[in-house]
Amino acid sequence: MSILKKTVMTAAVLLMFACLPVLSISGSGIEKQPDAQTSDLGTSAASGAPVVLKTEIYDGIIVEYELVADNGTLQMYADLRYGYFFWQDKTSGKRWFSIPRNVEDSKQKAKSQVIVHYIDSTIESNSPYADTVNSFAACIRDENRVTVKRIKNGISVTYPFVDEGFELTCEYAIEGDKLVAAVLNGSIKETGTLKITAVDLLPYCASAGAQDKGYMFVPDGSGALIPLDSSKDEMIYTAPVYGTDKSANVQTQQFRSEPVRLPVFGIRANEEALLGIITAGETQAEIVAGIHGETNSDTAVSARYIYRTIQSTILFENDWANRQTVYSTQPALSAIDRFEVTYSMLPEGETDYVGMAKRFRQYLIDEKGLSKKTLQSAFTLSVVGSVKIDSSFLGIPYRKLLPLTTYAQAQQIASELQGSGIDSLQIRYTGWQNTGLQNDKIPVKASPLGKLGGKRQLESLIAYAKENGISLFLETDPISFVKGGNSVRKASDAIKDSFGIIAEQHQYKRSVYIVDDSVPVVCLLTPRKAVDLAQKYAASFSRLNGSAGVSLSGVGSVLYSDFGKKAMTTRDQTQQAFEEILDGFADTPVAVSGGNMFAAVRADTVYDCPVYSGGHQLFETGVPFYQIVFHGYTRMVTDTMQQAFDRDTLFLKAVESGCDIAYTAVYEEPSELTYSIYNSLYSTGYTYWKDEAAAYYSRYRAVASANASAVIVGHRMPSEQVSETVYDTGCRVIVNYNDHEVTIDGVTIGAMDFYAEGKNGEKIA
Amino acid sequence: MKYKLLIALCIVTGLLGISVRAESTEFVPYYGYEYNSYDESVPVPEGYIPEKVYSYREWGLETPLQTPTDFCYDDQGSLYVLDAGNSRVIVLDAELKLKKTIDSFVFEGEVLTFSEAGGIFAAGDRIYIADTSGCRVLISDLSGNVQSIITRPDSVLLSENFEFKAQKVLVDSANNIYVVAEGSTEGILVFDAQYQFQRFYGTNTVTRTAEVIKSFFLRKFLTKEQIRRSTRYTPAPVANFDIGKDGMVYTVTNADQSKGLNFRGLNYKGNNIVSAENRQYYGDTEWDRLIRNSVNTRLVDVTVDSDGVFYLLDAARGRVFCYTEEGWLVSVFGGLDGSLKGTFVSPAAVETIGEKVLVLDDQAATITSFTPNVYARTVKQAMLEYAKGNYEESFTLWQKVLDQNSFNEWAHLGIAKVYEEQGNYSEAMHHYRLGVAQGSYSNAMRSLREEYVNDHFLMIVLCIAGAIALIAVSVTLIRKRLRRFVAENGYSAMEKPALFPFYSLAHPIDAFEQFRSHGKARYTAGIVVLAFWLVAYVIRFFGTAFHFNGSRAVDFNLFSALAGTIGLFMVFVVANWAVTTLMDGKGTFKSIFCVSAYGMIPYCVSLLCTTALSYVLTRQDAVFLEIVLYVGLAWSAVVVFVGLMTIHQYTVGKTIAALLITVIGIVIIFFIMILLSGLFSQIVSFAQSVYEEISIRL
């Protein structure tokens, strides 16, 4: 039986190769043939229009492509029975297909335009039974069930998953020089007991064959490349855009990861490149990339639409005999209309990740209001004003506000640093107001702390900063709190998980990964309430003094939904709320940390911007994609040096990607910190790092100031552990991460060092 | 064969040429931590950075590695990887580039397979393979010609059902072969250079825990059948070992924490000479309360580098613990995950090449290399210098450590040591305090005190003389006034209500007699004394000088302070009252309360005195503190005893009897309290679970 099948299959494949020589040319689903002879192929069975290309994608299933749209720039060809399509650039003649074209019959997933993930909660087991179904196997292989309709500039395809009891409609259309694919949220119907958890849209559109050379780009952290000829066995990378949803109670945390900050992905295969941007519903998206293998049919990168999430909680936690995990599926989300991914083929010469970044930047400028700014590079001093720690007086415990750096001391540190040659300085002042580094309550009033010198000292610091050209950002956290107050009630205003339990944010023990009970539990404020209070705060902040900027830390780095029964909020709505908060500080310079896309386009400064990609086994190398996108448009600052895995490496990363460096500063380290929850504030006393900082700064100063507002136009890795960045000023920076010296284009660069030259080849550093 | 290799190499270099950059990472997925003096994990900068992940394709091999269980670096530039599943050995150079593969091992014309081999060792021009399921050790040359095979020795020392399932093997400089065999609780088998079995070596001892002792006695009463069925306490078998430059054999054992000593360093005789003073248990000391059968450290491999620093591989959490010979923790890194570089699916072996640490993963079939960053390198170097006694050299290193982690206790210790040697005692004390070294702090304080006394001798003598004179004068004056008061009023001024508790200390019989005769017992006075006790307790907790104070401010617990003072006191009073009511005691509850409370005054005062004295005394003079405390305690005991005897109108014997029964009463009260609190907490947790289930399921 199986032998027979195999023979038939082999014969079919052979037949395919024989009939369609075009298939054997490309392994990546890309064809350069401008126009096939239409007359030879007859007319389409669906509409009678001329067919330009015929492909047998599976034993007996022949796809006939006919012209369905032409907008002057692109042409779209589709099969009106099955819904497969490709689009073609009219000038260059380049084509891109919705599915890879020469995969064997056994890889049925790779013949699908949609893969649906679902769970069956009727099956009793320890975890919900999860499975996937692909559109080819369910709707096309045995009987063609899909309905294709023509819409403006494209087609709409309805996939009925009869056995599973659900149905959904996707639209594929050309728009300008892009192809827009979308899942219509309203079209998703569930008639049976199965519940859809996610939909992969065009999972194998950005794919490549085993023989192709190139890479997939994923926006993990600063960006990472996965080689198409990966030496890894099958593995899949998935990561949610804007990080994990915080509306869950998480019991353990083991590893650190770099969240996805940008809703974008891409592939470069041989000389072709395709860029995908999630243009709608990105808050509900996951980036998926995989290497071909058993479960993953082909090497491909795509976007996944998260329709529902499953959360779990432990019931009877302290009762070992009856302890059990229960699961809850959140209700389907109705806030977004469509989940949309826009694909663009990149023009010749821009088919690398720099070209992708350039195209993505253009999207941000056109659609998201990103604008060019005149920026100044500056050493960033991240001052911690105060912290609240558990203390006791004669045995009576209380929360004590421990001042670490007063306003006058901050001024003193700044002036000492300026004295040691750090002439361009920026201050990020955390813990300067009511409750220190971590909010006890959500602040509604910008009120200086008496213990740090009060209003007068703060004003004198602001004046000092103004006089000395120091930009000062005062940090406030509008979303996290430990206890109620200021019109916030913990029970009603903290976000909840899908069991209706307050979603508690914890710190975890680094040794055994469990929740650290000694750290106060932090809650997150519901987005609606956060907007209200932030507006009040903004009004109060503007009265404080006009010339200080505001830093809205968490708004740029986390995103959450809320499953509270009263006001269910999706991540999309939270994003809108955060945008409102950011826009609420209209006349004030705004800084954020982390730098999720929507926050980064609104901010003047991004702190803790990603410079690493998060070490997934599939990654071959990290690339400063994030910085290529934003350099010259937003000022970017790395993590502080105290948090570096290796300080020299972090410094070189900053040099490579044109970020500013930062140090966390306190005036003095009281020994009380050692055994407090802030025991990670080690070596922040400014005397520990003053000299080191001045040394780094003086090495970097010339390059940084020359390119502060410049745009990165080129980036490559000319040799192992060596990178080269080119700015539109003509400046070229080569960084050597090796522990030995290297020679690139006749220039010798020392171990763990860099070289920079101006547009005329003159050495800068 | 060679031709094939060449092609493979070409492919590899070709691949490298095309790819943008060879696979490397600077990202560290695991969080850096270490344990402080209080056995708590604290955040520190990450020390070791995952550098590269190697798999068969990097070496240009066609067949993937299959369960590579072990590897061994011969210190001559060759790393031998035992690719057990394919019965081959892969030889890499120090840069982890492929040197060659030994695809077949031939013995007398026959190709041998060892698909479940567990260990490899390379020395001189010999490769030793522990073929576990084959119950043998293969000894081969470098091209796969097996010279000799060691099988199960025929020795009376071996028990009958002992199978020679060789798991790990190593060879010392005298060509003695050490073999760890599966389930060999007798220890490591040693063969001489002629492959003859010599002896067992380094048997683990059974640690005498309460359970072991219980079972020892129980066995005396059990039937043979019962004994057979009960668990036998046999020593934990050695899991893996390595040999150091000095010929020391380091072994790791899968013992859990309660058994202690999961790492040992054995001398030639097989005696453990790794000091247990600094560390009993290697690995994680914090527990994961989320897991029922708590997974703690499970050491599976050990390797020693040329500095004598050893690296222990924990398979439970996929971590490498790096310690100096003294048991000082240098760094912890790694994790169990598999999808992130620097973590593993199933870590099987650890090895070092220079300062690089390599971990072999037998399921992912990869080798991950880690390099120390500046922080780990400096800490390690500083510890080594410090251990050698080169304090001056370590000083600058420790300062560099502080620049990156100012909370590092070792750094403060090292710096304090130098300050002490320089005679800068107050600075030394400051750093000893940050380094949590009470003994050294005390020593530095003694030097400081000596210095101070020498400098200010005259002044101190004058001060003491002055103080004595002052006390003498005031005592005389007070006495004079008291005498005058007695003369005028007919009773002592001390007998006034406010001073009565103090009067009772000097004249307990008379004073407590007055409880009955004049109704002098006062609840207020008693309560004031109790409050004073609590305050004295708290002051002692927070106020005692560092070198006598093992507790930190954060450890204070108001509940236990209350329970340890007033709570205990009340239980005693209630128990005594209950007992003496039955034993014809004449004392009322009030009088018992007051007697016991007044009696505590000397003890409370002694608490304050010891707190104050702790600032001038060192740990060598600790006996003075104890004397003060015991004097206070004894005085209190006498007062309470005499007081109770007086108010109850007991004889001495009956008082003693009553007190003994009171103790029993206290025990009963505790028992009831525990019972009640257990019951109560069960009710609470039941209500909680019902609420939880209702709110989640509905």
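How many residue pairs are in polar contact across the interface of chain B and chain A? The rule finds 25 such pairs, both residues being at pLDDT 80 or more, where a polar contact is a pair of N or O atoms within 3.5 Å; within protein, one must be able to donate a hydrogen and the other to accept it, and residues adjacent in sequence count only if both atoms are side-chain atoms.

This is a predicted model, in which local features need pLDDT of at least 70 and side-chain atom pairs count only at pLDDT 80 or more, while totals for chains, interfaces and linings use all residues. Residues are numbered from 1 along each chain as its sequence is written, chains are lettered from A in the order in which they are written, and side-chain values use heavy atoms, with hydrogens and water left out.

**The interface**

Contact (heavy atoms within 4.5 Å) involves 75 residues from chain B and 71 residues from chain A. The buried area, meaning the accessible area (1.4 Å probe) that the two parts lose on being put together, summed over both, is about 6,500 Å², and carbon and sulfur atoms give 55% of it. Three salt bridges cross this interface, each defined as a side-chain nitrogen of Lys or Arg within 4 Å of a carboxyl oxygen of Asp or Glu. E286(B) and K509(A) form a salt bridge, with their closest N and O atoms 3.3 Å apart.

**Strand β22 of chain B**

Helices (H or I, at least four residues) and strands (E, at least two) are DSSP runs, numbered from the N terminus. Five of the five residues of strand β22(B), residues 310-314, are buried, so the strand is largely enclosed by the rest of the structure; buried means under 20% relative accessible area (1.4 Å probe, protein chains only). On one side lie F310(B), L312(B) and D314(B), and on the other Y311(B) and L313(B), so that both faces are covered.

Two strands pair if DSSP finds at least two bridges between them, and the table sets out the two neighbours of β22(B) in these terms.

| Partner strand | Pairing with β22(B) | Bridge partners | Residues between strands | Positive phi |
|---|---|---|---|---|
| β21(B), residues 299-304 | antiparallel, five bridges | T303(B) and Y311(B) | five residues | G308(B), about 85° |
| β23(B), residues 319-323 | antiparallel, five bridges | F310(B) and Y323(B) | four residues | G318(B), near 65° |

β22(B) thus forms a hairpin with β21(B) and a hairpin with β23(B).

Methods: Buried < 20%, exposed > 50% of the residue type's maximum accessible area, 1.4 Å probe, protein only.
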